[in-house]
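Good morning, colleagues. I should like to take you briefly through one structure. Please look at the display before I begin.

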Amino acid sequence: ELVGAFERLQPADVARMGDWYDEHARFKDPFKDVQGLAQIQAIFQHMFERLEMQRRQDAGLPLNRYQR
């Protein structure tokens, strides 16, 4: 079920989105309106990257490997 998949969505699942979306699928929300699996995956990849950056910042950890 698609709803269940999104409720449990993890960063590694972005690569599996082709199991749920057609190559030419359209994704629309209040912020984006894109077409194509690669563009849909890019939205979710970016979301997970931003979440990780925020998590690291909140924990006082370096945001990338060059920071101390």
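**Contacts, charges and overall form**

Let me start with a single residue. If we set aside the neighbours within four places in sequence, R26 is in contact with D33, V34, Q35 and I40. Please bear in mind that this is a predicted model, and that every value I quote is computed from it.

Where does R26 lie? R26 belongs to strand 1, which covers residues 26-28. R26 counts as exposed because its relative accessibility is 51%, and the cut-off for exposed is over 50%. For a sense of the spacing around this residue, R26 and L37 are 11 residues apart in sequence, and their C-alpha atoms are 8.0 Å apart in space.

One of the contacts of R26 deserves a further remark. D33 forms a salt bridge with R26, and the closest N and O atoms are 2.6 Å apart. D33 itself counts as partly exposed, at 44% relative accessibility.

Let me turn to the other salt bridges. How many salt bridges does the structure hold? The structure holds 4. I shall describe two more of them, and both involve R16. In one, R16 pairs with D13, where the closest N and O atoms are 3.1 Å apart. In the other, the side chains of R16 and D19 meet at 3.7 Å, N to O.

Are the residues at these positions buried or exposed? D13 counts as buried, with a relative accessibility of 15%. R16 is partly exposed, at 40%. D19 is exposed, with a relative accessible area of 59%. To return for a moment to the pair formed by D33 and R26, its N and O atoms come to 2.6 Å. By contrast with a single pair, D13, R16 and D19 are joined into one network by salt bridges that share partners.

The general background is familiar. Side chains of opposite charge can pair when their charged atoms come close. In the protein chain as a whole there are 10 positive and 11 negative side chains. The centres of these two sets lie 9 Å apart.

Beside this network in sequence we find A15, in the loop between helix 1 (2-7) and strand 1. A15 counts as exposed, with a relative accessibility of 66%. A15 and G60 are 45 residues apart in sequence, and 29 Å separates their C-alpha atoms.

I now come to the chain as a whole. Which elements does the protein chain contain? The protein chain has 2 helices and 2 strands. Read from the N terminus, the order of the elements is α-β-β-α. Why do we describe this chain as more spread out than a compact globule? The radius of gyration is 14 Å, whereas the globule rule gives 11 Å for 68 residues; the value for the chain is well over that, so the chain is more spread out than a compact globule. The C-alpha trace spans about 40 × 20 × 20 Å along its principal axes.

Burial and surface complete the description. Of the 68 residues in the protein chain, 25% are buried. The chain exposes about 5600 Å², and carbon and sulfur atoms supply 51% of that area. Finally, taking contacts between residues at least 6 apart in sequence, 23% join residues at least 24 apart.

Thank you for your attention.

Conventions: Residues are numbered from 1 along each chain as its sequence is written. This is a predicted model: local features need pLDDT of at least 70, side-chain atom pairs count only at pLDDT 80 or more; totals for chains, interfaces and linings use all residues. Side-chain values use heavy atoms; hydrogens and water are left out. Helices (H or I, at least four residues) and strands (E, at least two) are DSSP runs, numbered from the N terminus. The radius of gyration is taken over C-alpha atoms; the globule rule is 2.2 Å times the number of residues to the power 0.38. Buried means under 20% relative accessible area, exposed over 50%, partly exposed in between (1.4 Å probe, protein chains only). Contact means heavy atoms within 4.5 Å. Accessible areas come from the Shrake-Rupley method with a 1.4 Å probe; for residues, only the protein chains shown count as cover. Lys and Arg count as positive and Asp and Glu as negative; His and the chain ends are not counted. The place of a charge is taken as NZ of Lys, CZ of Arg, CG of Asp or CD of Glu.
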